[in-house]
Amino acid sequence: MNSGPALVSILRQGDTLVASVHTALDDSEMIRFQNDLVRQIGEVRARGIIIDVAALDVIDSFGSRTLRSIADIARLRGATTVIVGIQPEVAFAMVRLGMDMGQVPTALDLEEGLAYLARLRAVGAS
Amino acid sequence: MRVLAAEDRIEPGMIEPYAIATVRNVMATMWRRDDREVRNRHRVFDPTQPDDVENVLVASEEQLAINEALRRLTDRERQVLLAHEVSGAATQMLADEAGSTAGAVAAQLKRTRARLRVEYLLALDHIEPPTDRCRPVLLALSSADRRRQREVDAARHLLECDVCARLSEPLLDRGPVRDDVLHVTIGADPDIVSARRAARDLAAQAGFTGTDLTMLATAVSEVARNIVRFADNGDVTIELLERPRRGIRVVARDMGPGIADVEAALQDGYSTYSGLGLGLPGARRLMDEFNLVSEAGHGTTVSMTKWFDPKGSA
Amino acid sequence: MNTDETAMDTEPGSSLSGNHLLPQLVAHLREHRAKLRDEWASRIRDAHLLEAMTPQEMVAETTSVYDNYVEVLETGSVEALQHYARDLSERIIPRGVETHEVVGIVLLLRDVLARSLFEKYQRDFGLLNQILDAYEPAANRIANTVAVSFVDERERVIRQQQDAIRELSTPVLPVRERLLILPIIGVLDSERAKQLTEQLLSGIRTHRAKVVVIDITGAPDVDETVANHLVQTVDASRLMGASVIITGLSPTIAQTLVTIGVDLSKMNTIGDLQGGLEEAERLLGYSVTRKEVSEGS
Ligand SMILES: [Zn+2]
């Protein structure tokens, strides 16, 4: 990750990438985040991606759409994306705004997101 | 003496421009002017447009009232006020000249401003207060001096005196000197984040909580982005309202190409460039009031308000 | 009455403090209690104040307010005054009396009594002035304290009622681990629906809920706005990783949802609360079952 140390971190955990957004991102930073993450998905052949947005106090139309595009691109590369940590007020404002995450799965927090991916793997393994 | 020097420069025929300059500084609320601004706010900003007749009329009416109000001050009050407001004399300098302290001069200026506001309101409506108690009460209200208000039993007088009850409105409405308006210049992506942060801060300070804060910030984000994408640059003004009740008004203005079909732009899914269609209709859903004016070639003004709801859960 | 002259004589030049005159003043008000109270009551009627009260209530209230008023005048203690004001407010607020009415009746009483003092002492302006000097500050203090206290008390009562209503009407109940029930009871308006959504969403975070059952059996009316809220609540809960089951959906409400374009097949709706809870258990146990099956195979 080279978009500055404080904004975003992307950690690898087995075949899962955990991306945490640490602070509000403007549109250009959001795009850079998308590009970095997509590149790493290819590099590490990730099967699962968790994007932790708990630190975001606003997810507007651009933010929502970028998260969805990341998930779409990841899906085309065979990886499942889970968005975790959407705050109650943010969730409310998002639906008021008219945004949702489409078919992208969501979970309460990182722990739940990892559990979701683990369940998915277990089902897929059968 | 500097005070007298300032006075010297005010020739009899010249008092008007001085008075206007003075009172523009002194009157924290020119509520008629505010009204006009509110009425004009939805209009697309056009610097070439001359002041309309109504504005000129109202302005001259104000000037007469200001003049009259200044006349009703004592000579000393007027001198100090004009020296400070017009000539920009510092309170310390005025204090030195008068052999007083800066604090005392500041207090005197505060009292004078309060008196000027009262006399201005009376002159504007061409009325004399009906009782001897009216002026002390109005003065106590104008200076926002609660102790003095209790002493003169202002609350009771307002119950009994229609004139003061009416005049007290603009006086009480005056509020603090505008630390309740924020301007954010919008020119690039990071400004979108700055604008929504500013809105959130001001609203939080005003008592907004939880979801309302987030909805406001999200709506500001959308209208600010619209400026960056459509018009390159513009500005967002965030203002705390106290009347008719507490709220936050956001005005996003740009001088860009304008929106050809406003109705369509407010429909979900409309977009003239890829990827954005929810911004404006979404912002409208997030706010309590929403108004969009656009003129091809002149720009777009979005004005939207969220009202504070004390019943809302914290 | 017959002690006027004596009193005047025994209080020579007591302009320094009106307090010397207060006992005399109070005695006068006590003596003419019935007459003054009736006069006051009729002034209240003329001013169209306290019209929510029956004539009997008026007699009872004015008597008690009058007596307390005189008592406060007599003792002059701040405690007595505050107690008086609070007592008046507490008794009078539940009857829907407005602030201007309460201020109005106290000011009327002040004036009725002042006029009576004027009539009694008008032959001696010196004494009259002293009496009024003693009376007016005390009377104004009572009026102010009552007004302030009334407003405070009224706000407090209203706040209390609102809190009570909110608590009663929107409980988010944790039934078991990871499961919340939100029974919606009573009429939903847009404001309540919003509060409800906020409570539910923060409840999801607090209780780490995975499934939420919203039971709307007790909601008689759902208009389009509220139906929209309901849909938004479901969507927002999903964004936080919780599934929503809606129970008690009446045919009318279902129709409203369809009218505003909600795809009911995408909403998990179950007929009654019992069925909804069973479905919730199934959802919560679902992954475990699947996992066991897959591990066993
Ligand atoms: Zn007055």
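This passage describes a zinc site, a chain interface and an enclosed helix in a predicted model.

Chain B, which has 314 residues, of which 47% count as buried, contains 15 helices and five strands. Among the contacts in chain B with a separation of 6 or more, 65% are accounted for by residues 24 or more positions apart. The area that chain B exposes is about 15200 Å², and carbon and sulfur atoms supply 51% of that area.

A zinc ion is coordinated by three cysteine sulfurs and one histidine nitrogen of this chain, namely the SG atoms of B:Cys134, B:Cys161 and B:Cys164 and the NE2 atom of B:His157, at 2.1 to 2.3 Å. Because the angles subtended by the four donor atoms run from 96 to 121°, and four donors count as tetrahedral if all angles lie between 85 and 135 degrees, the arrangement around the zinc ion is tetrahedral. Along the chain, the donors follow the spacing C-x22-H-x3-C-x2-C. Of these donors, B:Cys134 belongs to helix H8 (residues 134–142) of chain B and B:Cys164 to helix H11 (residues 162–173) of chain B, so the pair ties together parts that lie 30 residues apart in sequence. B:Cys134 and B:Cys164 are both buried.

The contact between chain B and chain A involves 24 residues from chain B and 21 residues from chain A. About 1900 Å² is buried between chain B and chain A, and carbon and sulfur atoms give 54% of this area. Five salt bridges are found across the interface of these two chains. A salt bridge is formed between the side chains of B:Arg229 and A:Asp27, with a distance of 2.8 Å from N to O.

Helix H3 (residues 88–97) of chain A is largely enclosed by the rest of the structure, because nine of its 10 residues are buried. The buried residues of H3(A) are A:Pro88 together with A:Val90, A:Ala91, A:Phe92, A:Ala93, A:Met94, A:Val95, A:Arg96 and A:Leu97. The cover over these buried residues includes elements of three chains: helix H2 (61–76) of chain A, helices H13 (210–231) and H15 (279–286) of chain B, and helices H8 (190–207) and H9 (224–239) of chain C. After H3(A) comes A:Gly98, a residue with a positive phi, near 105°.

Technical notes: Residues are numbered from 1 along each chain as its sequence is written. Chains are lettered from A and ligands numbered from 1 in the order in which they are written. This is a predicted model: local features need pLDDT of at least 70, side-chain atom pairs count only at pLDDT 80 or more; totals for chains, interfaces and linings use all residues. Side-chain values use heavy atoms; hydrogens and water are left out. Donors are N, O and S atoms within 2.8 Å of the metal (3.2 Å for Na, K and Ca); water is not among the atoms, so sites may look incomplete. Four donors count as tetrahedral if all angles lie between 85 and 135 degrees; four count as square planar and six as octahedral if opposite donors are over 155 degrees apart and all others between 65 and 115; anything else is irregular. Helices (H or I, at least four residues) and strands (E, at least two) are DSSP runs, numbered from the N terminus. Buried means under 20% relative accessible area, exposed over 50%, partly exposed in between (1.4 Å probe, protein chains only). Contact means heavy atoms within 4.5 Å. Accessible areas come from the Shrake-Rupley method with a 1.4 Å probe; for residues, only the protein chains shown count as cover. Buried area is the accessible area (1.4 Å probe) that two parts lose on being put together, summed over both. A salt bridge is a side-chain nitrogen of Lys or Arg within 4 Å of a carboxyl oxygen of Asp or Glu.
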